[in-house]
Amino acid sequence: MDKRELGRTGRHIGVVGLGAWQLGADWGEVGEDEALATLGAAVDAGVTFVDTADVYGDGRSEQLVARLIKDRPGLTVATKMGRRVAQEPSAYTLDNFRAWTDRSRANLGVDTLDLVQLHCPPTPVYSSDEVFDALDTLVQEGRVASYGVSVETCAEALTAIARPGVATVQIILNAFRLKPLEKVLTAAVEAGVGIIARVPLASGLLSGKYDESTVFAADDHRTYNRHGESFDVGETFSGVDFATGLEAVRRLAPLVPPGMTMAQFALRWIIDQPGVSVVIPGARNPEQARANAAAAEAGPLPEATLRGVREIYDELIRPQVHDRW
């Protein structure tokens, strides 16, 4: 798998990684054996970067990833912190950062976290010198090797990119979320900040496997967070109305090259965007993990195809999401 530099971390990682939210919670039940098999299949397929968080299953995802890295040295693991407490800027203190990272280090079984990211904190946090001084202290103390942020909005991303210690920015980027292409990716390239593209399949909409009859489990965020009841609605279907997303997928289908699935097409589109360091699709089983990794093997999409994606976005998706994030 092609490798790219992960921003200011100094690490080089495969361009397709694995998001481990599904292995923790909020996507329906994934058994332990299948979760471990999924992780192993991803690494066997060339994945070298795994993204998790302390809140995924309240540590379950981190603990599963720990079992992977014990037997698979050389992987880069990113985790996230901050969503296990009330979302108040006052919670983002050095003492809390120490406690949170100590817990993640224990869950992952490591002395130093490769990369820790603030997990979509309240917007004022991005403008706090004290917060970023505290993150610098974590590096100095050896708790973390590098730090970054996971953001909801382009404005938050741009504020973070201006911080000299920020190594990476994780942001929603997919064929339904094109706004980051306008300023964020360019600013990241200029600053040497890595871009981790999350929600690449718009919570599965861009897999092409769903239709109007699809029913998700009660413990799946695609059931209980469609209107932002539990967290930012942008994390579920990228904030796109389900019916609108289905129509957009139908229009995208003719653009998919022969031999590619819709999901691989959606991932390849992200890989082709200048400035992207890694895309992190989730997977619930080994077959999905292998299929996602295979997107890295496909050649770049033709320019006419990229224009087609933009046209569909402008007509159907942009009116819903562009001004929100």
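The following dialogue goes through some contacts in a predicted model and the reasons for their names.

Student: Why are Trp21 and Tyr56 called a stacked aromatic pair?

Tutor: Their ring centres are 5.7 Å apart, and rings pair if their centres lie within 6.5 Å. The angle between the planes is 15 degrees, and planes under 30 degrees apart count as stacked. Both conditions are met, so the pair is stacked. It is part of a set of eleven aromatic pairs in the structure.

Student: What makes this pair a tie between separate parts of the sequence?

Tutor: Trp21 is in the loop between β3 and α1, while Tyr56 is in the loop between β4 and α2, so the pair ties together parts that are 35 residues apart in sequence.

Student: How do you know whether Trp21 and Tyr56 are buried or exposed?

Tutor: Buried means under 20% relative accessible area. Trp21 has 14% relative accessibility, so Trp21 counts as buried. Tyr56 has 9%, so Tyr56 counts as buried too. Trp21 and Tyr56 also form one aromatic cluster with Tyr224 and Phe231.

Student: Why is the pair of Phe216 and Phe242 called edge-to-face?

Tutor: The centres are 6.2 Å apart and the planes are at 80 degrees. The distance is within 6.5 Å and the angle is over 60 degrees, so the pair counts as edge-to-face. Phe216 lies in the loop between β9 and α7 and Phe242 in helix α8, 26 residues apart. Both Phe216 and Phe242 are buried.

Student: What makes the charged end of Arg226 count as sitting over the ring of Phe242?

Tutor: The charged end of Arg226 is 4.6 Å from the centre of that ring. The distance cut-off is 6 Å, and a limit on direction applies as well: within 35 degrees of the ring normal. The contact is listed as a charge over the ring, so the condition on direction is met as well.

Student: How do you know that Arg105 and Asp102 form a salt bridge?

Tutor: The N to O distance between their side chains is 2.6 Å. The cut-off is 4 Å, so this is a salt bridge. Arg105 and Asp102 are three residues apart in helix α3, and so are separated by about one helical turn.

Student: Why is Asp102 called partly exposed?

Tutor: Its relative accessibility is 28%. Buried ends at 20% and exposed begins over 50%, so Asp102 falls in between.

Student: What makes Arg310 and Asp314 a salt bridge?

Tutor: Their N to O distance is 3.7 Å, which is within 4 Å, so the name applies. They are four residues apart in helix α11, about one helical turn. Arg310, at 26%, counts as partly exposed, and so does Asp314, at 35%. Elsewhere, salt bridges that share partners join Asp95, Arg98, Asp102, Arg105, Glu141 and Arg143 into one network.

Student: What makes the link between Glu152 and Arg198 a salt bridge?

Tutor: Their closest N and O atoms are 3.6 Å apart, and the limit is 4 Å, so the pair qualifies. The pair links distant parts of the chain: Glu152 is in the loop between β7 and α5, Arg198 is in strand β9, and 46 residues separate them in sequence. Glu152 has a relative accessible area of 12% and is therefore buried. Arg198 has 7% and is therefore buried. The structure holds 23 salt bridges.

Student: Why is Gln273 called buried?

Tutor: Its relative accessibility is 10%, which is under 20%, so Gln273 counts as buried. Gln273 is in the loop between α9 and β10. A polar atom of its side chain lies 2.7 Å from the backbone oxygen of Trp269. Leaving out residues up to four places away in sequence, Gln273 touches Leu181, Leu185 and Leu306.

Student: Which residues have the most contacts inside the largest nonpolar core?

Tutor: They are Phe97, Leu118, Leu135, Val169, Phe176, Leu206 and Leu252, in a core of 95 residues. Helix α9 gives the most to this core, with eight residues. A second, separate core of eight residues includes Leu6, Ile13, Phe49 and Ile280. In soluble globular proteins, nonpolar side chains tend to be buried together.

Key:
Residues numbered from 1 in each chain as written. Predicted model: local features only at pLDDT ≥ 70, side-chain atom pairs only at ≥ 80, totals over all residues. Heavy atoms only, no water. Phe/Tyr/Trp six-rings, centres within 6.5 Å; stacked < 30°, edge-to-face > 60°. Helix = DSSP H or I, 4+ residues; strand = E, 2+ residues; numbered from the N terminus. Buried < 20%, exposed > 50% of the residue type's maximum accessible area, 1.4 Å probe, protein only. Core = buried A, V, L, I, M, F, W, Y, C linked by side-chain atoms within 4.5 Å. Polar contact = N/O pair within 3.5 Å; in protein donor to acceptor, adjacent residues only side chain to side chain. Contact = heavy atoms within 4.5 Å.
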